[in-house]
Amino acid sequence: MSGTSRERLLLCARLLWEKSDPEHPLTAAKLIASVEEAGLACERKSLYRDIAALRQAGMDIRSGRGRAAGYYVNTRLFEPAELTLLADAVEASRSVSRASSRTLTQKLQKLTSVYRAKALSRRLYLSGRPKTDNEALFYNLDTLHEAIDKKKKITFQYLEYAPDKTLRPRRGGQRYSVSPYLLCWDDENYYLAAYHDRYGGLSNFRVDKMRLINITGEPARECAEDVRAYASRSFGMFAGQVRHVEIELPESSLGVLIDRFGSEAFITPLDNGWLLASFDAAVSPVFFSFVFMLPQCRITHPEDVRLMYERRLEETLKMQKSEAEK
């Protein structure tokens, strides 16, 4: 195949990939005109040979008749609905910055025709949904994967929000030192589960709030716990002691519980439409917030966790009343 023939073949493949789909076929005349506009000679016989070669190479090129006369790419790596799902997930993710969301969506658009790509450029409506300002998320993920694979400790600065809504380093910029074990996705955020040297136990860290991650030469500490089980029982970045808890709740609240714990929760029917749910959870402030979110729910076991929850409710009510009396 001559250089000109190869160029024509590649151009034909690009034109079909970018500018055709079942609703927008390209006629032979249109393809020939587009190739000639690029400065390459093309006639029908050579076009037919190129299309046959592309089909043999694996491109699913179909031809229609009548009003749909012409050639088009029928099958792609992703279906339109799948690309829409991916684009919406990128746009909705709070861990992905707005600039990175735009870049990722533009890359997804290249996986389909220009006509179907327009649907991906629309902005998913998210009512006031905050997104991170940290553009280093993907670099952080690469570095963390490398540290986990090599079983090496890492150090980093951890960020928090200041009153002016900007991110600033915690602890005056002092570096954290941890042994990284697992990356997980929870509540639309990436978290790192790691052994925290300072506290002598497992902790969670929001990946988009980590900065200046450095892989050290020091081996990571061997973990004696089931990190995956720990991650599934934790609530966001709030770590806590894993306890077996029991709560009573009405059937109307079961859906929220199942959405959070899935099949791990053991459900026992009680009287009058009530249920007893038993499951393991990391007891933390976010856990108590989750329980409070369940209407008419009450912790029944263990006793110390029930008392902790009651004290938290009492303190909250006391604070609310004191503010109202000012």
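Mentor: Before we begin, a residue counts as buried under 20% relative accessible area, as exposed over 50%, and as partly exposed in between. Please keep in mind that this is a predicted model.

Trainee: Into which class of accessibility does Asp197 fall?

Mentor: The relative accessibility of Asp197 is 33%. Partly exposed is the class between the limits of 20% and 50%, so Asp197 counts as partly exposed.

Trainee: With which side chain does Asp197 meet in a salt bridge, and is that partner buried or exposed?

Mentor: Side chains of opposite charge can pair when their charged atoms come close. Here the side chain of Asp197 meets that of Lys153, at 3.1 Å from N to O. The relative accessible area of Lys153 is 12%, and since the limit for buried is under 20%, the partner, Lys153, is buried.

Trainee: How many residues apart are Lys153 and Asp197?

Mentor: Lys153 lies in strand S3, which covers residues 152–161, whereas Asp197 lies in the loop between strand S6 (189–196) and strand S7 (201–206). The pair thus links distant parts of the chain, and the separation is 44 residues.

Trainee: Which residue is linked with Lys153 and Asp197 in a network of salt bridges?

Mentor: The pair of Lys153 and Asp197 is one of the salt bridges among the 14 that a search of the whole structure finds. Lys153 and Asp197 also belong to a network of salt bridges, in which they are linked with Glu218.

Trainee: Turning to the open sheet of 4 strands, which strands stand at its edges, and why is one side of each left without a neighbour?

Mentor: The strand order is S10-S11-S9-S12, and the pairing is antiparallel. Each edge strand has a single partner strand, so one side of it is left without a neighbour in the sheet; these strands are S10 (266–269) and S12 (298–301).

Trainee: Over how many bridges do S9 and S11 pair?

Mentor: Strand S9 spans residues 241–250 and strand S11 spans residues 274–283. One of the partnerships between them joins Glu246 to Ser278 in S11. In total, the two strands pair in the antiparallel sense over 10 bridges.

Trainee: Which residue in strand S12 forms a salt bridge with Glu248?

Mentor: Glu248 sits in strand S9, and its partner in strand S12 is 50 residues away, so that the pair links distant parts of the chain. The distance from N to O is 2.8 Å, and the partner is partly exposed, with a relative accessible area of 41%. That residue is Arg298.

Key: Residues numbered from 1 in each chain as written. Predicted model: local features only at pLDDT ≥ 70, side-chain atom pairs only at ≥ 80, totals over all residues. Heavy atoms only, no water. Pairing = 2+ DSSP bridges. Salt bridge = Lys/Arg side-chain N within 4 Å of Asp/Glu carboxyl O. Buried < 20%, exposed > 50% of the residue type's maximum accessible area, 1.4 Å probe, protein only.
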